[in-house]
Amino acid sequence: MNMNAPLNAPLFPSTDGHSFRIDAQVYLSTERFKNEIEHVFRKSWLNVGRIEQLPTAGSYIVKELPGIAPSVVITRDAKGALNAVHNVCSHRGQQLLWEKSGTCGGALTCPYHAWVYELNGAVRHIPDEESFPLLDRKQVALSRLAVDQWEGFIFVHLDPEPRQTLKEFLGEMGESLAGYPFDRFSKNCYTWTTELNANWKLVKDAFQEIYHVATVHRRTLKNVANWPANPYGRPLSVALLGDHTRLSISANPETPLPPTALATLRHLPRGADRLPRGVNPQRSSIWMQDIDVIFPNFFIDPSEGNGLLGAYYGYTFWPLAVDRTRFEMKIYFQQPENAAQRWVQEYQKVLLRDVLLEDCKLVEKNHAGIAAGVKPWYYVQKNEMAIVHSLEVIDRKIREAA
Ligand code: FES
Ligand SMILES: [Fe+2]
């Protein structure tokens, strides 16, 4: 490796064909952070929830896109179609909806002077409209976002007419995951949200490699992903799928599991018998879970229903500031059919909580280390390729916009 390359060298030069290096400024530069908001987040499809959160016509959710859009309303109309608008009345800027979710009927009514909007944002009624003699109803429609769903996941795009459809954006990632029983899992969901003193990419990076598991999770995940034949927890595969990435992870086939894990396995509900081709893509007999990194900030980690975890995770990283990130983690289970399955799910929740606490502490110390400014470069190996790929995609999008 060339340790003395100048700082204006390319961001990720391949030095020996297997190792890459990252400019420390990627995580520290406020200029770069602003570019990421403008050219990455404001120009990407962003996951905001699941369709189960909008169970009936007139259901709504209000979602903050931290760092990007303060408040967005997503509704489901009588025909089942989704609409997304900014939560700002055109009259004098009042927020239309104040709760996080609920039912609004077939219209959005402002609580200030009672302007009424269709769910798609068009004006339906303005009290005393004749006192606004020059008002153009089209001009005072609510500001729209693009919205679409894939496999029950709701995505919005800040541009109401985005260059790519959601289907195009997801590409092979979306096609190869289609058919996984997300809907069967998604009614039983537990959520953790926290804010961390670290750059959003640094937090994300800790979740798109498993090189650290043997060290950081040596107590909570002892003997799970590491064993004598695979001491460093190398993944089964790392696939670059357009802007997205898929890691496939194996479980230890050798060491007997501890009693709690055995009890967990025995009582897990059955999952999918036929998994889509994107889940366990190697069709490995020791497969445990995949980490599907959907650019820029959304992860889906599917497992088989009768696998070690018996659930899937969906999680997002939101950029609050160059050194602050909101982390939203959801774990989805099938509905338990008996008390034993319910107990298993509690066990899984507690285990996940402990693992996440280990990661969260780690990334804050990681940011503090990089912010010390001691090292201009950091190095990653081929099994951390997802980190390199997502940084390269961000870099490309910023350069293309320049
Ligand atoms: S601010 Fe909404 S009706 Fe006046
Ligand atoms: Fe971790």
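Is Tyr 315 buried or exposed? With a relative accessible area of 2%, Tyr 315 is buried. That sets up the close-ups below, which come from a predicted model.

**View 1. Tyr 315 in strand 17.** Here's the residue from the opening question, sitting in strand 17. Look for Lys 204 as well: Tyr 315 and Lys 204 are 111 residues apart in sequence, and their C-alpha atoms are 9.9 Å apart in space. The buried label for Tyr 315 rests on that 2% figure, since anything under 20% relative accessible area counts as buried.

**View 2. The largest cavity, with about 120 Å³ of space.** A search of the whole structure turns up two cavities of 30 Å³ or more, and this panel zooms in on the largest, which holds about 120 Å³. It has 13 lining residues, and those closest to its centre are Asn 47, Phe 298, Thr 316, Glu 328 and Lys 330. Strand 17 (312-321) gives the largest share of the lining, four residues. Strand 2, strand 17 and strand 18 each chip in with at least two residues. By character, the lining of the largest cavity splits into six nonpolar, four polar and three charged residues.

**View 3. The second largest pocket, about 500 Å³ in volume.** Twenty residues line this pocket, and Val 62, Lys 63, Glu 64, Lys 100 and Glu 328 lie nearest its centre. Glu 328 may ring a bell: it was also listed among the residues closest to the centre of the largest cavity. Four strands each supply at least two lining residues to the pocket: strand 2 (46-50), strand 3 (59-65), strand 12 (188-196) and strand 18 (324-333). Strand 3 provides the largest share, with four. The pocket lining breaks down into five nonpolar, eight polar and seven charged residues.

**View 4. The iron ion (ligand 2) and its donors.** His 212 and His 217 each coordinate the iron ion through NE2, while Asp 359 appears twice in the donor list with OD atoms, all at 2.1 to 2.7 Å. Along the chain, the donors follow the spacing H-x4-H-x141-D. His 217 and Asp 359 bring distant parts of the chain together: His 217 is in the loop between helix 6 (213-216) and strand 13 (237-241), Asp 359 is in helix 8 (residues 339-371), and 142 residues separate the pair. What about the geometry of the site? The angles among the four donor atoms run from 53 to 154°, and the site is irregular. For reference, four tetrahedral donors would ideally make angles of 109.5 degrees. Both of these residues are tucked away: His 217 counts as buried at 2% relative accessibility, and Asp 359 does too, at 3%.

**View 5. Helix 9 (residues 385-401), end to end.** How far apart are the end C-alpha atoms of helix 9? They are 25 Å apart, which agrees with the 24 Å that its 17 residues should span at 1.5 Å a residue. Twelve of those 17 residues are buried, so helix 9 is largely enclosed by the rest of the structure. Among the buried ones are Met 385, Ile 387, His 389, Leu 391, Asp 395, Lys 397 and Ile 398.

**View 6. Pro 376 and Asp 23.** These two are 353 residues apart along the chain, yet their C-alpha atoms are separated by 6.0 Å. Pro 376 lies in the loop between helix 8 and strand 19 (377-380). With a relative accessible area of 39%, Pro 376 is partly exposed.

**View 7. A cis peptide bond from Phe 295 to Pro 296.** Omega for this bond is near 0°. Pro 296 has its place in the loop between strand 15 (287-294) and strand 16 (298-301). Most peptide bonds are trans.

**View 8. Positive phi at Ala 114 and Asp 128.** Most residues other than glycine have a negative phi. Ala 114, though, has a phi near 70°, and Asp 128 has one of about 55°. Ala 114 is found in the loop between strand 7 (107-109) and strand 8 (116-118), and it is partly exposed at 33% relative accessible area. Asp 128 is in the loop between strand 9 (123-125) and strand 10 (144-150).

Technical notes. Residues are numbered from 1 along each chain as its sequence is written. Chains are lettered from A and ligands numbered from 1 in the order in which they are written. This is a predicted model: local features need pLDDT of at least 70, side-chain atom pairs count only at pLDDT 80 or more; totals for chains, interfaces and linings use all residues. Side-chain values use heavy atoms; hydrogens and water are left out. The expected span of a helix is 1.5 Å times one less than its number of residues. Buried means under 20% relative accessible area, exposed over 50%, partly exposed in between (1.4 Å probe, protein chains only). Donors are N, O and S atoms within 2.8 Å of the metal (3.2 Å for Na, K and Ca); water is not among the atoms, so sites may look incomplete. Four donors count as tetrahedral if all angles lie between 85 and 135 degrees; four count as square planar and six as octahedral if opposite donors are over 155 degrees apart and all others between 65 and 115; anything else is irregular. On a 1 Å grid over the protein atoms alone, a cavity is a set of points where a 1.4 Å probe fits but cannot get out, and a pocket is an open set with protein on both sides within 12 Å along at least five of seven lines; lining residues have an atom within 4 Å of a point. Grid points are joined across faces, edges and corners, and a volume is the space filled by probe spheres set on the points. Ala, Val, Leu, Ile, Met, Phe, Trp, Tyr, Cys and Pro count as nonpolar, Asp, Glu, Lys and Arg as charged, and the others, Gly among them, as polar.
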